Amino acid sequence: FSGNLVFKIRPYTKKFLEVLSEFWEIYFYSSRKKIIVQDIQRILDPDNKLIQGILARENCVMLDDGRLMKDLALITNRSLKDIVIMDYKIYSFALN
């Protein structure tokens with residue numbers, strides 16, 4: 001690990017990713033720093049077979065009020081109609 005990262009993995013998360021990866025490409029897009037997301041990726045996908053890439057805080061747009069928005073315009077090789085988003089912050093993708 002790159003630091004004092006503390007998090008819990010929900011039951012069956014790895015299995016969920018394994019099943020999804022059979023049908024779709026999986027990317028992480030997080031408002032956390034890339035080094036933190038890479039640590040999580042190494043735990044969830046130690047063989048680099050499930051997760052194809054990472055977009056992180058460095059790829060977010062910061063609003064005047066300090067909120068970070070995830071801009072899917074950075075993904076130029078996919079149509080928005082082909083992207084599924086899972087996020088606990090409803091405003092995270094408001095730009096799209």
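A94 sits in the segment after β4. With 55% relative accessibility, A94 counts as exposed, because exposed means over 50% relative accessible area, buried under 20%, and partly exposed in between (1.4 Å probe, protein chains only). The C-alpha atoms of A94 and E22 are 29 Å apart, with these positions 72 residues apart along the chain. The model is predicted: local features need pLDDT of at least 70, side-chain atom pairs count only at pLDDT 80 or more, and totals for chains, interfaces and linings use all residues. Residues are numbered from 1 along each chain as its sequence is written, and side-chain values use heavy atoms, with hydrogens and water left out.

**Overall fold**

- The chain holds two helices and four strands; these are DSSP runs numbered from the N terminus, with helices H or I of at least four residues and strands E of at least two.
- Read from the N terminus, the order of elements is α-β-α-β-β-β.
- The C-alpha trace spans about 35 × 35 × 20 Å along its principal axes.
- The radius of gyration of the chain is 14 Å, which agrees with the value near 12 Å for a compact globule of 96 residues. This radius is taken over C-alpha atoms, and the globule rule is 2.2 Å times the number of residues to the power 0.38.
- Of contacts between residues at least 6 apart in sequence, 61% join residues at least 24 apart; a contact means heavy atoms within 4.5 Å.

**Surface and charge**

- Buried residues make up 26% of the 96 in the chain.
- The chain exposes about 7400 Å², and carbon and sulfur atoms supply 55% of that area. Areas come from the Shrake-Rupley method with a 1.4 Å probe, and for residues only the protein chains shown count as cover.
- There are 15 positive and 12 negative charges, and their mean positions lie 5 Å apart. Lys and Arg count as positive, Asp and Glu as negative; His and the chain ends are not counted. Each charge is placed at NZ of Lys, CZ of Arg, CG of Asp or CD of Glu.

**Helix α2**

- Helix α2 covers residues 34-44, and V37, D39, Q41 and L44 are buried in it.
- The cover over these buried residues includes α1 (13-21), β1 (26-29) and β2 (51-55).
- D39 is buried because its relative accessibility is 2%. The D39 side chain makes a polar contact with the side chain of R42 at 2.5 Å. A polar contact is a pair of N or O atoms within 3.5 Å; within protein, one must be able to donate a hydrogen and the other to accept it, and residues adjacent in sequence count only if both atoms are side-chain atoms.
- Q41 is buried at 12% relative accessibility. Beyond neighbours within four places in sequence, Q41 contacts F28, P46, N48, I51 and I54.

**Positive phi angles**

- Most residues other than glycine have a negative phi.
- N48 is not a glycine, yet has a positive phi of about 55°. N48 lies in the loop between α2 and β2 and is exposed at 57% relative accessible area.
- Y12 is not a glycine either, and has a positive phi of about 70°. Y12 lies in the segment before α1 and is exposed at 71%.

**Y91 after β4**

- Y91 belongs to the segment after β4 (68-70) and is partly exposed at 28% relative accessible area.
- Not counting residues up to four places away in sequence, Y91 touches R67, L68 and M69.
- The C-alpha atoms of Y91 and R67 are separated by 9.0 Å, at 24 residues apart along the chain.
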